Amino acid sequence: MAALPATATAMAVAIAAALAAGCASEVDKTANWSPNKIYSEAKDEADSGAYDKAVPLYEKLEGRAAGTALAQQAQLDKAYAQYKSGDKAAAVATLDRFMKLHPASPAYDYALYMRGVVNFNDDLGMFSGLTRQDLSERDQKAAKESFESFKELVNRFPESRYTPDARARMNYIVNSLAQYEVHVARYYYSRGAYLAAANRAQAAISDYREVPAVEEALYVMIRSYDALGMTDLRDDAQRVLTTNYPNSSYLTKGFAAKDSRWWQLW
């Protein structure tokens, strides 16, 4: 067999060296670490804000300490790190897996709480950054899933340390979802879709009782039915509004009673 030319030999050596270097770089630095050391390192990374570096360490720990309380803690901490690093879908998946594998865990209430927090959006009622998008196209799925997680926590673990905050967040979510429905109704009204506006406002009143948004929903109904020439329904809505909100600013200022910033968008 003919010998390889010197240049080909040199190239082969270079490739082999590169492959060897690659393999060396993939050596698991945690191979000889104890589970406690892995957890300590992961926690240090998370505490410093390097959540993306903490996640793989928690994953190592899950496998290394499988079946132990430390592995369960690693799962929960990994979910938090995933959430803080912006990977909400992965965080929810981790929490779902934890609850499926450990239904009797004393940390189950925390897992439910965290699942609610991950899906919770504290800008629900603010529509921050919204342009001229049709509000009816905005997805409220995460908010509703957040509410269900908090609801399960409150019902199953009324004495949990996380329950008071969960209740407060549930109240916020309900108010925000109701306000969302009313804003959709008002959006339809602004576009001349009066029947759609009235129906959406009516749905908000039916689905969300005793929330601040009901007042505006009634006013949207009044204006929509008036525009449609449906005077009986208009008068019924106005009677309900004046009875329940006798000092309503909508009765004197109309839509101007609402912060105009909502409606500068269109």
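A crossing of two helices is called left-handed if the near helix is turned anticlockwise from the far one by less than a right angle. Keep that in mind for the second stop of this tour through a predicted model.

**Stop 1: the whole chain**

Start with everything shown as a cartoon. You will find twelve helices and zero strands, so to speak a α-α-α-α-α-α-α-α-α-α-α-α pattern when read along the sequence. The chain has 266 residues, of which 41% count as buried. Among the contacts with a separation of 6 or more, 58% join residues 24 or more positions apart.

**Stop 2: a pair of helices**

Next, select residues 35-47, helix α2, and residues 69-84, helix α4. Their axes come within 11 Å and cross at roughly 20 degrees. Angles under 35 degrees count as roughly parallel, and therefore α2 is roughly parallel to α4. The way α2 passes α4 is a left-handed crossing.

Now show side chains where the two helices meet. On α2, pick Pro-35, Asn-36 and Tyr-39; on α4, pick Leu-70, Gln-73 and Asp-77. Colour them by class and you get three nonpolar, two polar and one charged residues.

**Stop 3: the largest nonpolar core**

Which residues touch the most other members of the largest nonpolar core? Select Leu-95, Phe-150 and Ile-173 to see them; the core has 54 residues. Helices that each supply at least two of its residues include α4, α5 (88-101), α6 (108-119) and α7 (141-156). Further along the chain, α8 (163-190), α9 (194-207), α10 (213-228) and α11 (231-244) also each supply at least two. Highlight α8 in particular: its twelve residues are the largest share of this core.

A second, separate core has 15 residues, including Ile-38, Tyr-58, Ala-71 and Ala-81. In soluble globular proteins, nonpolar side chains tend to be buried together.

**Stop 4: a close look at Leu-95**

Finally, zoom in on Leu-95, which lies in helix α5. Is Leu-95 buried or exposed? Its relative accessibility is 1%, and buried means under 20%, so Leu-95 counts as buried.

To see what surrounds Leu-95, leave aside residues up to four places away in sequence and show its contacts: Leu-76, Ala-79, Ala-111, Met-114, Arg-115 and Val-118. As a last step, draw a distance between the C-alpha atoms of Leu-95 and Tyr-110. These two residues are 15 residues apart along the chain, and the atoms are separated by 9.7 Å.

Definitions and conventions: Residues are numbered from 1 along each chain as its sequence is written. This is a predicted model: local features need pLDDT of at least 70, side-chain atom pairs count only at pLDDT 80 or more; totals for chains, interfaces and linings use all residues. Side-chain values use heavy atoms; hydrogens and water are left out. Axes are lines fitted to C-alpha atoms, for helices over the stretch in contact, and angles run from 0 to 180 degrees between N-to-C directions. Helices (H or I, at least four residues) and strands (E, at least two) are DSSP runs, numbered from the N terminus. Angles under 35 degrees count as roughly parallel, over 145 as roughly antiparallel, 65 to 115 as roughly perpendicular and the rest as oblique. Contact means heavy atoms within 4.5 Å. Ala, Val, Leu, Ile, Met, Phe, Trp, Tyr, Cys and Pro count as nonpolar, Asp, Glu, Lys and Arg as charged, and the others, Gly among them, as polar. A nonpolar core is a set of buried Ala, Val, Leu, Ile, Met, Phe, Trp, Tyr and Cys residues joined through side-chain atoms within 4.5 Å. Buried means under 20% relative accessible area, exposed over 50%, partly exposed in between (1.4 Å probe, protein chains only).
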